[in-house]
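Biologist: Could you take me closely through one part of this model, the open sheet, and tell me which strands pair with which and what packs on them? Please also say how far the prediction can be trusted.

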Amino acid sequence: MRGEVLAFERPEDLPEDRPVLVVDFGGQYSQLIARRVRECRVYSELVSHRTPAQAIRARNPRALVLSGGPASVYAVDAPQLDPAIWELGIPTLGICYGMQLMALDLGGKVERTGGSEFGRADLHAAGGSLFEQTPEEQVVWMSHRDSVTAAPEGARVVASSASTPIAAFEAPDRGLYGVQFHPEVVHTAHGNVVLKNFLYGVAGAPPTWTAAAVIEEQVERIRAQVGSRRILCALSGGVDSAVAALLVHKAVGHQLTCVFVDHGFLRKDEALQVVETFNGHFQVPLVHVDAEERFLARLEGIEDPEEKRRAIGEEFIRVFEEESQRLASAARAQPARPSSGAAQSAPQRIPFLVQGTLYSDVIESGGTDGVAAKIKSHHNVGGLPEEVDFDLVEPLRLLFKDEVRRVGEELGMPEKMVWRQPFPGPGLAIRIIGEVTRERLEILREADSILQEEVRRAGLYRDLWQSFAVLPAIRSVGVQGDERTYAYPIVIRAVTSEDAMTADWARLPYDLLETISSRIINEIPGVNRVALDISSKPPSTIEWE
């Protein structure tokens with residue numbers, strides 16, 4: 001007996017058509033709020049507090065979430081909101097600064113009461129939509145000096161703490177909700193329930209943002225953009241470009257050719273793994289371009305990290321342009337296949353290039369209209385030259401890293417590749433602090449291999465967001481045997497994180513660090529010192545360059 005095949009019932013609106021907009025007032029948790037909303041299977045985007053009401057209305061959002069911020073609402077340059085937004089009738093949740101601004105703009109009061117709260121606080125919930133299915137007494141995470149001392153007109157106070165009599169208020173008739181605490185952080189015990197109550201109960205947002213839905217939607221978008229034309233994929237072997245390649249291959253099949261540029265800056269044996277995985281496991285057409293000498297020559301004499309990134313980005317694009325022309329020429333040399341009774345000439349060039357750009361890349365490259373200050377030029381975003389002879393296809397541009405991994409699992413990608421730690425597009429070139437040379441690459445590659453091997457042996461690989469070695473281009477004095485040495489140091493960098501927006505240095509066991517240090521110094525000529533980076537992000541970034 002054969003089962004009945006049912007058509008997929010599409011929602012009336014795609015998740016991206018009616019997003020939850022997270023309005024960023026500069027708080028450290030703004031991106032985390034957007035991720036937490038998505039973890040509730042509701043699509044969200046981060047927008048600047050400068051966004052006018054007309055632009056907000058045009059997005060037709062299901063809800064707004066106003067983030068926290070570092071400023072007081074009374075500061076001279078305190079971020080503000082277009083007052084017309086309050087009149088749009090969109091369900092709105094204000095968090096910390098967002099709650100205070102809501103109160104101040106709508107007739108309430110905000111004051112410096114002397115009752116600051118930073119860290120854990122005990123909250124008493126007194127009913128209300130936000131606190132359904134949560135206990136009356138619960139632990140939350142506070143971070144504020146100012147407090148709301150009078151709620152907006154028509155709002156009811158629904159939660160309080162010892163230092164903050166108005167810790168949450170609701171005005172259901174106006175669609176206004178505010179909480180002084182941070183429901184998005186893990187330290188708030190029932191924060192996820194509070195967010196779901198707002199998203200599902202108040203805003204009526206359906207939980208349709210799933211990996212399967214993302215795949216289906218992106219496949220349709222790729223087909224609409226590419227049509228019957230050919231497309232190249234900038235394959236690096238990392239999870240981002242791999243998932244992007246599989247999405248495009250699912251959408252357009254044989255129209256895709258993956259081009260793997262081996263720039264010589266990959267980890268040990270990684271080039272071989274990429275070729276074997278895509279040619280063998282996925283059966284995706286793959287062209288392997290060995291361009292190590294070309295990239296080394298391009299970087300000769302360059303020490304500035306931004307210049308390195310730009311140079312590598314430019315060289316990547318130029319390689320793809322050349323490869324596109326070569327592949328198009330090869331296609332023209334083949335006999336034309338008739339279509340609908342007429343011979344079709346081959347295209348003069350391959351017009352599209354796939355890149356594994358993520359939402360975090362867009363944010364950190366300043367691509368959300370002032371939401372984030374530019375931290376560095378990402379290889380997938382800010383590192384591109386001004387003149388690019390491709391139309392970019394970026395199927396992951398709206399996804400955070402954890403969402404990319406879920407899409408990869410849904411597509412059947414092997415677990416080892418899905419959970420591979422993030423690796424920058426410029427590779428080891430930006431983990432050498434200074435000029436990139438063949439000698440330094442070989443030293444760093446071996447040191448990184450030892451580090452990865454020992455981290456995996458200790459069973460900690462999946463617990464770390466990233467673990468890698470850095471080689472500063474300096475030398476220090478050491479003693480090995482009876483001889484003095486003058487050799488490079490290796491710095492170990494290992495961090496924990498959820499999305500790379502913030503990160504904490506990993507507390508690796510001392511015996512593991514001892515083993516790593518001993519192996520690196522004893523097995524790699526040219527290294528006589530190993531150091532550990534114990535800085536978090538912020539203020540540091542995860543990568544050194």
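Modeller: Strand E10 (residues 231-235) and strand E15 (residues 352-354) run parallel and are joined by 3 bridges, and one of the pairings can be named, since Ile231 has Phe352 of E15 as its bridge partner. This is a predicted model, and the two strands belong to an open sheet of 5 strands, paired in parallel and ordered E12-E11-E10-E15-E16. At the edges, pairing on one side only, are strand E12 (286-290) and strand E16 (391-393), and from one strand to the next the twist averages 30 degrees.

Two of the helices that pack on this sheet can be described together with the strands they touch. Helix H5 (residues 211-226) touches E10, E15 and E16, and its direction makes about 165 degrees with that of E16; helix H7 (residues 270-281) touches E10, strand E11 (256-262) and E12, and its direction makes about 165 degrees with that of E12.

As for the setting, the chain has 14 helices and 22 strands, and 54% of its 545 residues count as buried. On confidence, the average pLDDT of the chain is 86, with 89% of the residues scoring at least 70, but over residues 1-11 the pLDDT is below 50, and that stretch has 3 contacts beyond near neighbours in sequence. Residues 337-344 likewise stay under 50, with 6 contacts beyond four places in sequence. Where pLDDT is low, the predicted coordinates should not be read in detail.

Technical notes
Residues numbered from 1 in each chain as written. Predicted model: local features only at pLDDT ≥ 70, side-chain atom pairs only at ≥ 80, totals over all residues. Heavy atoms only, no water. pLDDT = per-residue confidence, 0-100. Contact = heavy atoms within 4.5 Å. Helix = DSSP H or I, 4+ residues; strand = E, 2+ residues; numbered from the N terminus. Buried < 20%, exposed > 50% of the residue type's maximum accessible area, 1.4 Å probe, protein only. Pairing = 2+ DSSP bridges. Axes fitted to C-alpha atoms, helices over the stretch in contact; angles between N-to-C directions.
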